[in-house]
Amino acid sequence: MGYSLEALGQLYRDRADCENGFDELKTQWGWGGYTPHDLERCNLSARAVALIYDWRSWYVRLAHPKTHLEAITSRPLLLNGVARLTRHAGQSRLLLTLAHEAGDQIKTMIVNIREGLDFILANAPQLPKVEKSIIGTNY
């Protein structure tokens, strides 16, 4: 199958972008290798890292939906703040104080996260309240 030079360049960039996730898992998340002699503990550790990486990638993709942000660059942006949960009149509110010079960029990312979560809550199928409470007690 013949590809134009531009198409080959894009295919190569897509492949490299896919490999970035594996590189990030190894270098930033400690997935470079496990040495326990117990295969069960090794599998548990690897799965826990993969799950947390997946959740965080999803969260960061909500914050910046156009491109992938690696952990080394996005951690300082999204972890330099202090939050306080307040409750009043049946409502919960999260007050966030940013301690980073890119405060405006971080505020935009937080708005994106909120809009993404609102979209998911509005469009995802929900379990009846009884099933939610049963599921919640199993964890």
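Of the chain's 139 residues, 16% count as buried. The model is a predicted one. The accessible surface comes to about 11,400 Å². Carbon and sulfur atoms account for 59% of that surface.

Now follow the chain along its sequence. There are 5 helices and 2 strands. They come in the order α-α-α-β-β-α-α. Contacts also link distant parts of the sequence. Take the contacts with a separation of 6 or more: 38% of them join residues 24 or more positions apart.

Turn next to helix H4, which runs over residues 103-123. How far apart should the ends of its 21 residues be? At 1.5 Å a residue, the helix should span 30 Å. The C-alpha atoms at its ends are 30 Å apart, so the expected span and the model agree.

Which residues of H4 are buried? They are Gly-103, Ile-106, Met-109, Ile-113 and Gly-116. Look down the helix axis and these buried residues fall within an arc of 140°, so they line one face of H4. The face turned away from the buried side carries exposed residues: Asp-104, Phe-119, Ala-122 and Asn-123. What does the buried side pack against? Its partners are helix H2 (39-63), helix H3 (71-79) and strand E2 (91-98).

Some of these H4 residues turn up again in the largest nonpolar core. This core has 9 residues: Val-60, Leu-62, Ala-63, Leu-69, Leu-77, Ala-102, Ile-106, Met-109 and Ile-113. Both H2 and H4 supply at least two of them. Another core, of 5 residues, lies apart from this one. Leu-25, Trp-29, Tyr-53 and Ala-71 are among its members.

Pick out Val-60, one residue of the largest core. Set aside its neighbours within four places in sequence. Val-60 is then in contact with Leu-69, Ser-74 and Leu-78. Leu-69 belongs to the largest core as well.

Finally, visit the loop between strand E1 (81-88) and strand E2. Ala-89 lies in this loop. What is notable about its backbone? Most residues other than glycine have a negative phi. Ala-89 is not glycine, yet its phi is positive, near 55°. Is Ala-89 buried or exposed? A residue counts as exposed when its relative accessible area is over 50%. Ala-89 has 71%, so it is exposed.

Key: Residues are numbered from 1 along each chain as its sequence is written. This is a predicted model: local features need pLDDT of at least 70, side-chain atom pairs count only at pLDDT 80 or more; totals for chains, interfaces and linings use all residues. Side-chain values use heavy atoms; hydrogens and water are left out. Helices (H or I, at least four residues) and strands (E, at least two) are DSSP runs, numbered from the N terminus. Buried means under 20% relative accessible area, exposed over 50%, partly exposed in between (1.4 Å probe, protein chains only). Contact means heavy atoms within 4.5 Å. Accessible areas come from the Shrake-Rupley method with a 1.4 Å probe; for residues, only the protein chains shown count as cover. The expected span of a helix is 1.5 Å times one less than its number of residues. The arc is that of the directions from the helix axis to the C-beta atoms. A nonpolar core is a set of buried Ala, Val, Leu, Ile, Met, Phe, Trp, Tyr and Cys residues joined through side-chain atoms within 4.5 Å.
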